[in-house]
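User: I want to know what stands behind the labels on a model. Take me through them.

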Amino acid sequence: MGSIEMDKERLTAEMAFKDSSSVVIKIRQKLPDFLQSVKLKYVKLGYGYSINAATVLKFGVVLPLLVATVVQITGLKFDNVSELWTSRALLVDTATAVTGTAVLLFLLGVYWAKKPSPVYLVDFACYKPEDERKMSVESFLEMTEDNGKFEEETVQFQRRISTRSGLGDETYLPRGITSRPPNLCMKEARAEAEAVMFGALDSLFSKTGVKPAEIGILIVNCSLFNPTPSLSAMIVNHYKLRTDIRSYNLGGMGCSAGLISVDLAKHLLKANPNTYAVVVSTENITLNWYFGNDRSMLLCNCIFRMGGAAVLLSNKSRDRSRSKYELVHTVRTHKGADDNSYNCVYQREDDKGTIGVSLARELMAVAGDALKTNITTLGPLVLPFSEQFMFFVTLVRRKLMKAKVKPYIPDFKKAFEHFCIHAGGRAVLDALQKNLQLSEWHMEPSRMTLHRFGNTSSSSLWYELAYTEAKGRVSRGDRVWQIAFGSGFKCNSAVWRALRAIPLGESGDNPWADSIDRYPVRVPVDTPKP
């Protein structure tokens, strides 16, 4: 058996030849150390995000001019500052005072106009399918074996993956897949999409009291199912949304598309004052179930499950008092210019002509590289000064002075109280926990979401946040970090600040309402065989 080293930050692959025509590749699934080779350009990019036009105007023009105006209209000299405390009389020239005040008011007005308007998360809702859609691990394996489409080795492969995946016995699959025989058709795919999207939206409108006719912006993201008319048009038709609705349908953007939708909504809300925006995140798996024997395509069958979420965003000042969160930052990273990154999650046909989504062996390394870039860019925006200073000093010593010092790993627990990490798989969660030095408590929402609902793609972040709320952990001022990654390859982050405490049992529509008392559960640890 030989080994291939894919540089220090890549995977280690072990290759064994079974016969002249086949080969077995075993991959050590681990992410690289994010901060072993941090690039300064991403640190600079992070600081660039925090320096917008309003910030420059405030600190570079308004504040200095304010000081200068005060000095000018009061006739104050720097060597007479001490007299302010003893003299009650200040001579002010009327014309100077009026002119200075007018200029100051003008600049304050410009600053106010340039200042980004806040985006509030009024509420969100996650879809919870009916109990008849539940699928235990053993039932999934029985269905796989009885199907007759898979070879014996392929069935055993799926058994190994499923028992190590971290999924529990109450995840959900759509009717088209669980039917005997499977009924994978457009009608069933539309039925799945309607059940998920309308179920989440009905709950959202009920919780917020907002009427569908009040929605000005609609964004739907679903990576693999893009019918005509679109999913966004399906929602417009069902709820009879207004004719001037700004609707968008994002496809093919993977598990991180939910945060792309939030970022798009943020920019649209900046351009459209006094508006509600709805983001719907889902994935449709009816027409994307793989019935072949290519192992690189079978992982999706084992971990992806049915789910979706709807989010109501607002830029209306009156909504602040009732909203749950305020959007603080969004950071997007796209590595699609690199061929390995672009090809590592790829929809294609196998050698029998069966369509599936192939996961390349470089996936973990690609994900680690994208995560490293995103985290490095986000750090300057969120880390306290003490952490930034230690990180920057160490980075300069390593990069510029070529000093052999251990890299300083910033403590992101000082920047956030809650972490919602996309429940893409157990190996990724393990690696992220190690790299970010997070506790089991911090990882609990992600691990329990993977156990209870499986990988629901872009909506998993909202099931995780719902878990945190159901546990009564959110207090006013708490900061929440959502981070997700997906095909392309992309890694995206969103940072939220809680505007109020979320009391236990606030919403009976929480998808965890009937099971939160049973969680957290112990997920058996898989110990690889030597």
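The questions below set values against definitions.

Analyst: This is a predicted model, where local features need pLDDT of at least 70, side-chain atom pairs count only at pLDDT 80 or more, and totals for chains, interfaces and linings use all residues. Residues are numbered from 1 along each chain as its sequence is written, and side-chain values use heavy atoms, with hydrogens and water left out.

User: Why is the contact between arginine 180 and aspartate 146 called a salt bridge?

Analyst: A salt bridge needs a side-chain nitrogen of Lys or Arg within 4 Å of a carboxyl oxygen of Asp or Glu. For arginine 180 and aspartate 146 the N to O distance is 3.8 Å, so the pair qualifies. The two residues sit 34 apart: arginine 180 in the loop between α6 (175-178) and α7 (186-208), aspartate 146 in helix α4 (residues 137-147). Helices here are DSSP runs of H or I with at least four residues, strands are E runs of at least two, and both are numbered from the N terminus.

User: How many salt bridges does that rule give?

Analyst: The count is 29 salt bridges. One network of them links Asp131, Lys134, Glu170, Arg452 and Arg518.

User: What makes glutamate 188 buried and arginine 175 partly exposed?

Analyst: Buried means under 20% relative accessible area, exposed means over 50%, and partly exposed is in between (1.4 Å probe, protein chains only). Glutamate 188 has 11% relative accessibility, so the label is buried. Arginine 175 has 44%, so the label is partly exposed. Their side chains also meet in a salt bridge, at 3.1 Å from N to O. Glutamate 188 is in helix α7 and arginine 175 in helix α6, so the pair ties together parts 13 residues apart in sequence.

User: Are glutamate 444 and arginine 473 buried or exposed?

Analyst: Both glutamate 444 and arginine 473 are buried. Their side chains form a salt bridge with an N to O distance of 2.7 Å. Glutamate 444 lies in helix α15 (residues 440-453), and arginine 473 in the loop between α16 (460-470) and β15 (479-486), so this pair ties together parts 29 residues apart. By contrast, arginine 180 and aspartate 146 are both exposed.

User: How many disulfides does the structure hold, and what would make one?

Analyst: A disulfide is a pair of cysteine sulfur atoms within 2.5 Å. The structure holds zero. As for burial, cysteine 126 has a relative accessible area of 6%, so it is buried. Cysteine 222, at 2%, counts as buried too.

User: What makes a space a cavity, and how many are there?

Analyst: On a 1 Å grid over the protein atoms alone, a cavity is a set of points where a 1.4 Å probe fits but cannot get out. Five cavities of 30 Å³ or more are counted. The second largest has a volume of about 50 Å³. That volume is the space filled by probe spheres set on the points, which are joined across faces, edges and corners.

User: Which residues line the second largest cavity, and how do they class?

Analyst: Lining residues have an atom within 4 Å of a point. Among them are Met135, Phe140, Ser162, Gly168, Cys302 and Arg305. The lining has five nonpolar, five polar and one charged residues. Ala, Val, Leu, Ile, Met, Phe, Trp, Tyr, Cys and Pro count as nonpolar; Asp, Glu, Lys and Arg as charged; the others, Gly among them, as polar.

User: What stands out in the backbone?

Analyst: Most residues other than glycine have a negative phi, and most peptide bonds are trans. Threonine 228 and proline 229 are joined by a cis peptide bond, with omega about -5°. Another cis bond joins glycine 488 and phenylalanine 489, with omega about 5°. Asparagine 274 has a positive phi of about 55° though it is not a glycine. At 51% relative accessibility, asparagine 274 counts as exposed.

User: How do you know that β7 pairs with β9?

Analyst: Two strands pair if DSSP finds at least two bridges between them. Six bridges join β7 to β9, so they pair, and they run parallel. Isoleucine 217 stands opposite alanine 277 in β9. Strand β8 (residues 246-250) is joined to β7 by five bridges, also in parallel. Seven of the seven residues of β7 are buried.

Notes. On a 1 Å grid over the protein atoms alone, a cavity is a set of points where a 1.4 Å probe fits but cannot get out, and a pocket is an open set with protein on both sides within 12 Å along at least five of seven lines; lining residues have an atom within 4 Å of a point.
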